[in-house]
Structures are given as C-alpha cells and as structure tokens.
Amino acid sequence: MRILVTGASGGIGAAICSKFLDNGHEVFGMDIAPAAVTHEHYTHIVHDICCEPYPEIEGVEVLINSAGVQRQSADDIAVNLTAVIAVTEHYAFQDRIRSVVQIASASGLTGSEFPHYAASKGGLVAYTKNIALRLAKYGACANSLCPGGVITDLNKHILEDEKLYQAVLDESLLHRWAEPCEIAEWAYFLACVNRSMTGENLLIDNGEALKANFIW
Ligand SMILES: NC(=O)c1ccc[n+]([C@@H]2O[C@H](COP(=O)([O-])OP(=O)(O)OC[C@H]3O[C@@H](n4cnc5c(N)ncnc54)[C@H](O)[C@@H]3O)[C@@H](O)[C@H]2O)c1
C-alpha cells in the first residue's frame with residue numbers, strides 16, 4: 001500500500017516508516033527535518049505541515065499523522081491540531097484511502113502535561129471521531145493512539161537526567177516507557193490488520209493513568 005507518515009524524521013515517525021517498509025509497503029515521509037530512513041521504497045519530503053499548499057501525493061491509502069511539538073505555547077495547537085486537520089483533509093478524503101491513524105497523547109485524555117499540548121491532543125482525539133464518520137463512505141477506518149511516555153528526543157531532557165527519569169518511571173504501573181517500535185506496531189495493526197474498529201482511541205501508557213493509591 002501507499003503510506004504517508006508525517007513527522008517521519010522523529011522517533012515514533014521513523015519507527016512507523018521502518019515498520020511499513022519492512023512489510024513491503026511504499027512509504028512517503030514528510031518532515032521539516034531531513035530523512036531518518038533510507039530505503040528504495042521510501043520518499044522523503046521536506047515540508048512544514050503548517051504550510052499549505054501541500055505537495056501532491058496520488059492515492060494515499062494510509063495516512064499516519066505523527067508530526068508534533070511540545071513547546072508549551074500556542075504552537076502546540078497550530079502544529080498538533082490545526083495542521084494535522086489540514087493534512088488529513090487534504091490527503092485522506094479520496095477513494096483510495098483505507099485508514100487514518102493519529103498519534104495523539106495520553107495527555108489528551110488525562111489533561112496532564114501542558115495546557116496547549118493537552119488541548120491539542122484532546123482535540124485530535126475528537127477530530128478522529130469526526131473523520132471516522134466522514135471516511136466511512138470510503139470503507140476507511142480512522143483511529144487514534146494515545147501513548148504515555150515514549151523514549152524519543154521529545155523527552156530528551158528527562159532521558160538525560162537519570163534521577164528525573166526514575167521519578168517519572170515510578171509514576172507508571174509497569175515502571176517503563178514504550179520504545180518507538182512498540183508504537184509503530186500499534187500503528188501498523190490499526191492501519192493494516194484492523195478493518196472493524198473506527199472512531200476509537202487506544203491508550204498505551206504502561207498503566208500510568210490506571211496507577212492510583214487505594215486508601216481504605
Ligand atoms: N515521545 C513521547 O513520549 C510521546 C508521547 C505521546 C505522544 N507523542 C506524540 O508522538 C508524535 C511523535 O513524537 P516523537 O516522540 O517521535 O517526537 P520527535 O520530536 O522525535 O518527532 C516529532 C517529529 O515531528 C516533526 N515536526 C515537528 N513540527 C513539524 C512541522 N510543522 N511539520 C513537519 N514536521 C514537523 C519533527 O521535525 C520531528 O521529526 C508527536 O505528535 C508527539 O506529540 C509522543
């Protein structure tokens with residue numbers, strides 16, 4: 001299939017590109033940064049998702065929006081929500097589309113982290129339901145993934161501070177963060193295996209939201 005991945009140079013986006021390439025798909029990656037993946041079936045497009053017009057890519061069958069920022073400012077809404085909506089409206093609404101997967105965040109469900117970031121990801125979860133309604137006529141599914149902590153550059157300052165990292169891990173039930181390749185597995189399943197779940201969201205947070213002290 002023909003796959004478009006935004007944020008393709010980042011930790012999660014690059015892992016998603018590799019997963020689809022390993023499984024014989026044709027992948028287009030879009031990012032403001034240079035390519036993180038080299039493969040004969042990979043085409044890298046340097047483009048800011050906030051800037052229209054978008055480059056033409058015929059017949060996208062799977063769209064995965066992984067581009068995102070956490071700048072603790074209105075940029076978070078501009079990139080993570082407004083631009084993701086524009087990208088999706090541009091590439092997904094055509095006859096070849098089979099699946100859209102949005103990389104949202106646990107923050108969008110719990111409200112944790114930073115105001116604009118939480119709002120951008122919560123908005124993305126709601127927008128995913130909206131497109132599920134409108135993409136059904138193409139026989140396509142749309143779902144979101146809400147990761148908790150993932151080991152990528154987005155969290156560099158935590159990963160570089162052992163004490164802080166341990167304190168953060170203590171907040172999750174399974175005492176770990178996900179690897180980008182795990183999120184790629186979920187994205188692949190939603191895009192290529194799943195045919196019946198649409199408008200839904202999966203929380204992949206190592207039990208962080210579930211962890212609570214039971215007081216009796
Ligand atoms: N890492 C985590 O803990 C975590 C948790 C939950 C959700 N997420 C989400 O997962 C997605 C991927 O994050 P990541 O951890 O791989 O981070 P990352 O910083 O490694 O990757 C993000 C990528 O998006 C690209 N990007 C940013 N703004 C862009 C723009 N305007 N146009 C095009 N590309 C742009 C960056 O260049 C980068 O390559 C993001 O949407 C993030 O919010 C990450």
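What follows is a walk through the fold, the ligand shell, the core and a few local features of this protein.

The model is predicted. The protein has 7 helices and 7 strands. Read from the N terminus, the order of elements is β-α-β-β-β-α-β-α-α-β-α-α-α-β. The chain therefore opens with a strand and closes with a strand.

Start with overall dimensions. The C-alpha trace spans about 55 × 35 × 35 Å along its principal axes. A compact globule of 216 residues would have a radius of gyration near 17 Å, and the protein agrees because its own value is 17 Å. Of the 216 residues, 41% count as buried. Many contacts bridge distant parts of the sequence. Among those between residues at least 6 apart, 69% join residues at least 24 apart.

Now turn to the ligand. Its shell holds 28 residues, and G7, G10, I12, G68 and T152 come nearest. By class, the shell has 12 nonpolar, 13 polar and 3 charged residues. Two helices each supply at least two residues of this shell: helix 1 (11–22) and helix 2 (75–91). Helix 1 gives the most, with 3 residues.

Helix 1 deserves a closer look. It has 12 residues and reaches 17 Å from its first C-alpha to its last, close to the 16 Å expected at 1.5 Å a residue. Is helix 1 largely enclosed or open? It is largely enclosed by the rest of the structure, because 9 of its 12 residues are buried. Those buried residues are G11, I12, G13, A14, A15, I16, C17, K19 and F20. The list includes a lysine, K19. Its burial is judged from C-beta atoms placed from the backbone, with 20 or more others within 10 Å as the cut-off. The cover over the buried residues of helix 1 includes strand 1 (2–6), strand 2 (26–31), strand 3, strand 4, strand 5 (99–103) and helix 7. After the helix comes G24, with a positive phi near 85°. I12 links two parts of this account: it is among the residues nearest the ligand, and it is one of the buried residues of helix 1.

I16 leads from the helix to the core. In soluble globular proteins, nonpolar side chains tend to be buried together. Here the largest nonpolar core has 50 residues, and I16, I64 and A187 touch the most other members. I16 sits in helix 1 and is buried there. I64 falls within strand 4 (62–65). A187 falls within helix 7 (180–193). What does I64 touch, leaving aside its neighbours within four places in sequence? Its contacts are I3, V5, I16, V101, A187 and A191. Both I16 and A187 are on that list, so the three residues that touch the most other core members meet at I64.

Helix 2 offers a different setting. I77 lies in this helix. It counts as partly exposed, because 17 C-beta neighbours lie inside 10 Å. Leaving aside its neighbours within four places in sequence, I77 is in contact with T82, H116, A119 and S120. The C-alpha atoms of I77 and P115 are separated by 9.8 Å, although the two residues are 38 apart along the chain.

Several loops hold features worth checking. Most residues other than glycine have a negative phi, and most peptide bonds are trans. This model has exceptions to both habits. The peptide bond from E52 to P53 is cis, with omega near 5°. P53 lies in the loop between strand 3 (42–46) and strand 4. Q72 is not a glycine, yet its phi is positive at about 60°. Its place is the loop between strand 4 and helix 2. Q72 is exposed, because 12 other C-beta atoms lie within 10 Å. H175 has a positive phi too, of about 55°, and is not a glycine. It is found in the loop between helix 6 (162–169) and helix 7. H175 counts as exposed, with 12 C-beta neighbours inside 10 Å.

One more loop completes the tour. K137 lies between helix 4 (115–135) and strand 6 (141–147). Is K137 buried or exposed? It counts as exposed, because it has 9 C-beta neighbours inside 10 Å. Its C-alpha atom is separated by 9.9 Å from that of F93, a residue 44 places away along the chain.

Note on methods
Residues numbered from 1 in each chain as written. Predicted model: local features only at pLDDT ≥ 70, side-chain atom pairs only at ≥ 80, totals over all residues. Helix = DSSP H or I, 4+ residues; strand = E, 2+ residues; numbered from the N terminus. Rg over C-alpha atoms; globule rule 2.2 N^0.38 Å. Contact = placed C-beta atoms within 7 Å. Near = placed C-beta within 6 Å. Nonpolar A, V, L, I, M, F, W, Y, C, P; charged D, E, K, R; others polar. Core = buried A, V, L, I, M, F, W, Y, C linked by C-beta atoms within 7 Å. Expected span 1.5 Å × (residues − 1).
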